[in-house]
Every structure is written in structure tokens, then in C-alpha cells.
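Colleague: Please take one part of this model and look at it closely, together with what surrounds it. I would like each term to come with its cut-offs, and the conventions to be stated before the details.

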Amino acid sequence: MSVLSEMIKNLLSRPVTILYPLEQVPIPVTFRGRVAITDEKCIGCSKCSLVCPAQVITMIDGPREVEFKGKNLARKKRPQVKLYQCIRCGLCERHCPTGAIHLEQVHGGTGTDREVVVT
Ligand code: SF4
Ligand code: SF4
């Protein structure tokens with residue numbers, strides 16, 4: 001196809017891009033967004049920290065009581081994630097026994113400060 005006919009074709013067709021973020025694209029169910037933690041569900045077991053291949057999850061002090069399987073547990077630690085060093089592999093989510101840590105089904109989550117953490 002000649003360049004001219006390609007140009008005419010593109011001039012007459014609709015744009016293939018969208019006005020993101022004003023317009024959103026559908027997110028597949030397997031999409032791995034940024035890591036988020038539901039603190040009330042976390043029992044402080046450290047599994048997420050142990051399986052993280054990028055070693056970006058640190059267990060920090062977080063003493064309080066949490067309910068797990070009908071029992072009240074005294075929790076000593078909670079995970080802290082260095083968000084921008086996370087490779088979004090999903091292993092933490094897969095191994096968490098309570099579903100407390102998960103990868104959000106949202107786009108975005110970019111930034112310039114590599115020390116940003118989520119706890
Ligand atoms: S998604 Fe992977 S790299 Fe990111 S915090 Fe979880 S285990 Fe670590
Ligand atoms: S987020 Fe899940 S795997 Fe990590 S410490 Fe809490 S309960 Fe354990």
C-alpha cells in the first residue's frame with residue numbers, strides 16, 4: 001500500500017486511541033495492578049513477605065487483635081510494601097491465607113518516588 005493511500009485511510013477512519021484517563025478501557029480479570037492490603041484481614045503471618053521474590057515486603061510492628069476463623073488473635077506484625085519496587089508477580093496474593101493482600105484491578109499507580117510504601 002502506498003503512503004498516500006495509507007494517509008487517506010487514516011484520515012477517514014476513527015482514532016484508535018482513547019482519552020485516557022477520562023475514558024477507561026475494560027480491565028481483564030487477570031490484570032495485576034498495584035498491591036493493596038486490607039488491614040483488618042491481615043493476621044501478620046509473614047507469608048507474603050517470605051514468598052516475595054523482589055523482597056519488597058517488610059514486616060513491621062503492628063500490634064493489635066484480629067479475628068481469624070472465629071478466634072481473636074494477638075497480631076504483632078503487619079506488612080509494609082515498597083510499592084514502586086514491586087514487580088506485580090502476584091505471589092503474595094496467592095499465598096496469603098486470609099486474602100488480605102491483593103493486586104487491585106485498576107490502572108495507574110505510577111509515580112516518581114521509589115520509596116513510596118503501602119501498609
Ligand atoms: S506482587 Fe510479587 S513483587 Fe509485588 S509485593 Fe507481591 S510478591 Fe512482592
Ligand atoms: S497480608 Fe496475608 S500473608 Fe501477609 S502477613 Fe497479612 S495475612 Fe499474612
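Modeller: What follows takes the paired strands as the part to examine, and then moves outward to the core and the ligand surroundings.

The model is predicted, so that local features are given only at pLDDT of at least 70 and side-chain atom pairs only at pLDDT 80 or more, while totals for chains, interfaces and linings use all residues. Residues are numbered from 1 along each chain as its sequence is written, chains are lettered from A and ligands numbered from 1 in the order in which they are written, and side-chain values rest on heavy atoms, without hydrogens or water.

Three elements make up the sheet: 3 strands form an open arrangement in the order S2-S3-S5, with antiparallel pairing. Strands here are DSSP runs of E with at least two residues, helices are runs of H or I with at least four, and both are numbered from the N terminus; two strands pair if DSSP finds at least two bridges between them. S2 and strand S5 (117–118) stand at the edges with a single partner strand each, so one side of each has no neighbour in the sheet.

Strand S2 (residues 57–68) pairs with S3 in the antiparallel sense over 10 bridges, and within this pairing Asp-61 stands opposite Lys-77 of S3. The two strands form a hairpin with 2 residues between them, and Lys-69, in the turn, has a positive phi of about 50 degrees. On the S5 side, S3 is joined by 2 bridges, again running antiparallel, and Val-81 stands opposite Val-118 in S5.

Arg-75 belongs to strand S3 (residues 71–82), and its relative accessibility of 4% makes it buried, on a scale where buried is under 20% relative accessible area, exposed over 50% and partly exposed in between, for a 1.4 Å probe and protein chains only. A polar atom of the Arg-75 side chain lies 3.4 Å from the backbone oxygen of Gly-62. Beyond its neighbours within four places in sequence, Arg-75 is in contact (heavy atoms within 4.5 Å) with Asp-39, Cys-42, Ile-43, Gly-44, Gly-62, Pro-63, Arg-64 and Val-66.

Val-81 also appears in the largest nonpolar core, where, of 16 residues, Val-35, Cys-48, Val-56, Ile-57, Val-81, Cys-92 and Ile-101 touch the most other members. Such a core is a set of buried Ala, Val, Leu, Ile, Met, Phe, Trp, Tyr and Cys residues joined through side-chain atoms within 4.5 Å. The elements giving two or more residues to this core are strand S1 (35–37) and strand S4 (101–103). Cys-48 touches Ile-57, Pro-79, Cys-92 and Ile-101, residues up to four places away in sequence being left out.

Cys-48 leads on to ligand 2, since of the 14 residues around that ligand, Cys-42, Cys-45, Ser-46, Cys-48 and Cys-96 come nearest, where a residue is near if one of its heavy atoms lies within 4 Å. Ser-46 has a positive phi near 80 degrees, although not a glycine, and lies in the loop between S1 and helix H2 (47–51).

Around ligand 1 are residues including Val-56, Ile-57, Arg-88 and Cys-92. Arg-88, in the loop between S3 and helix H3 (91–95), has a positive phi of about 55 degrees and is partly exposed at 25% relative accessible area.

Terms used: Polar contact = N/O pair within 3.5 Å; in protein donor to acceptor, adjacent residues only side chain to side chain.
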